[in-house]
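Please take a walk through this protein chain with the model open beside you. We start at a single residue and work outward from there.

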Amino acid sequence: MAVAYESIASATGSFNGVAQELTITKPAGLAAGDVLVAIMAYITNSGTPPSLSKTGWTAVGSEILDTADFRFTVLSKIADAGDAAAANFTFTWSAGNGNGETGGLGILMRFSGTYVPTIVSGDQD
């Protein structure tokens with residue numbers, strides 16, 4: 001089976017020094033075994049943008065751009081049954097600087113047909 005892009009969901013939010021989280025509705029048709037890729041952006045007009053991590057997700061990369069006002073983070077994971085049953089995903093940035101106006105943007109993409117290896121322990125002769 002070939003890898004195929006299936007669907008996308010997105011959300012934006014204005015933080016203004018309050019809760020630094022963004023909730024994205026799950027991409028349509030999400031099933032266990034699909035791969036999710038989250039591209040998250042944190043924008044601030046004052047100070048260094050905070051980092052982002054999420055339990056159960058793999059950090060693919062993170063970069064601060066444009067004189068430290070923008071941080072882009074890419075995360076991925078293989079969806080399980082709990083993800084498929086969920087209505088949405090919430091991403092929370094570490095404590096922000098709380099200064100100035102801040103906001104976030106998140107894009108969540110779903111891919112199918114990816115290869116998920118089976119891990120076997122012990123000697124394989």
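G29 has a relative accessible area of 56%. That is over 50%, the cut-off for exposed, so G29 counts as exposed. The model is a predicted one. G29 sits in the loop that runs between β2 and β3. Which residues does G29 contact, once its neighbours within four places in sequence are left aside? They are D34 and R110.

G29 also brings a second element into view. Its C-alpha is 8.2 Å from that of A84, although 55 residues separate the two in sequence. A84 belongs to helix α1, residues 81-85. Apart from residues up to four places away in sequence, A84 touches K26, L30, A31 and A32. A28 lies 9.7 Å from A84, C-alpha to C-alpha, and the two are 56 residues apart in sequence.

Now step back to the whole chain. It holds one helix and seven strands. Read along the sequence, the order is β-β-β-β-β-α-β-β. There are 125 residues in the chain, and buried ones make up 34% of them. Take the contacts between residues at least 6 apart in sequence: 74% of these join residues at least 24 apart. The accessible surface is about 6900 Å². Carbon and sulfur atoms account for 54% of that surface.

Next, follow two paired strands. Strand β2 covers residues 21-25 and runs antiparallel to β6, with five bridges joining the two. T25 has N88 as its bridge partner in β6. L22 has F91 as its partner there. The side chains of β2 alternate. L22 and I24 point to one face and are buried. E21, T23 and T25 point to the other face and are not buried. Strand β6, residues 88-92, also has two faces. F89 and F91 form the covered face. N88, T90 and T92 form the uncovered one. Read together, the two bridges give one partnership between uncovered-face N88 and T25, and another between covered-face F91 and L22.

F91 leads into the interior. The largest nonpolar core has 18 residues, and M40, W57, F91 and L108 touch the most other members. Strands β1 (4-14), β2, β3 (35-44) and β6 each supply at least two residues of this core. Which strand gives the most to the core? It is β3, with four residues.

W57 deserves a closer look. Not counting residues up to four places away in sequence, W57 touches L36, A38, L75, S76, K77, F89, F91 and L108. Two of those partners, F89 and F91, form one aromatic cluster with W57. F91 has a charged partner too. The charged end of K54 sits over the F91 ring, 5.3 Å from the ring centre.

Aromatic pairs turn up elsewhere as well. The count comes to four. The Y5 and F111 rings have centres 5.9 Å apart and planes at 65°, so this pair is edge-to-face. The pair links distant parts of the chain, with Y5 in strand β1 and F111 in strand β7 (residues 102-112), 106 residues apart. Is Y5 buried, exposed or in between? Its relative accessibility is 45%, so Y5 counts as partly exposed.

Strand β7 also contains T102. T102 has 4% relative accessibility and therefore counts as buried. From T102 to F70 the C-alpha distance is 9.9 Å, across 32 residues of sequence.

The last stop is R71, in strand β5 (residues 70-78). What is the status of this residue, buried or exposed? R71 counts as buried because its relative accessibility is 14%, and the cut-off for buried is under 20%. Leaving out residues up to four places away in sequence, R71 touches M40, A41, Y42, T48, P49, P50, S51, S62, E63 and I64. One of these, M40, is among the core residues that touch the most other members. R71 and G104 are 33 residues apart in sequence, with 9.6 Å between their C-alpha atoms.

Definitions and conventions: Residues numbered from 1 in each chain as written. Predicted model: local features only at pLDDT ≥ 70, side-chain atom pairs only at ≥ 80, totals over all residues. Heavy atoms only, no water. Buried < 20%, exposed > 50% of the residue type's maximum accessible area, 1.4 Å probe, protein only. Pairing = 2+ DSSP bridges. Core = buried A, V, L, I, M, F, W, Y, C linked by side-chain atoms within 4.5 Å. Contact = heavy atoms within 4.5 Å. Phe/Tyr/Trp six-rings, centres within 6.5 Å; stacked < 30°, edge-to-face > 60°. Lys NZ or Arg CZ within 6 Å of the ring centre and 35° of its normal. Areas by Shrake-Rupley, 256 points an atom, 1.4 Å probe, with all protein chains shown as cover.
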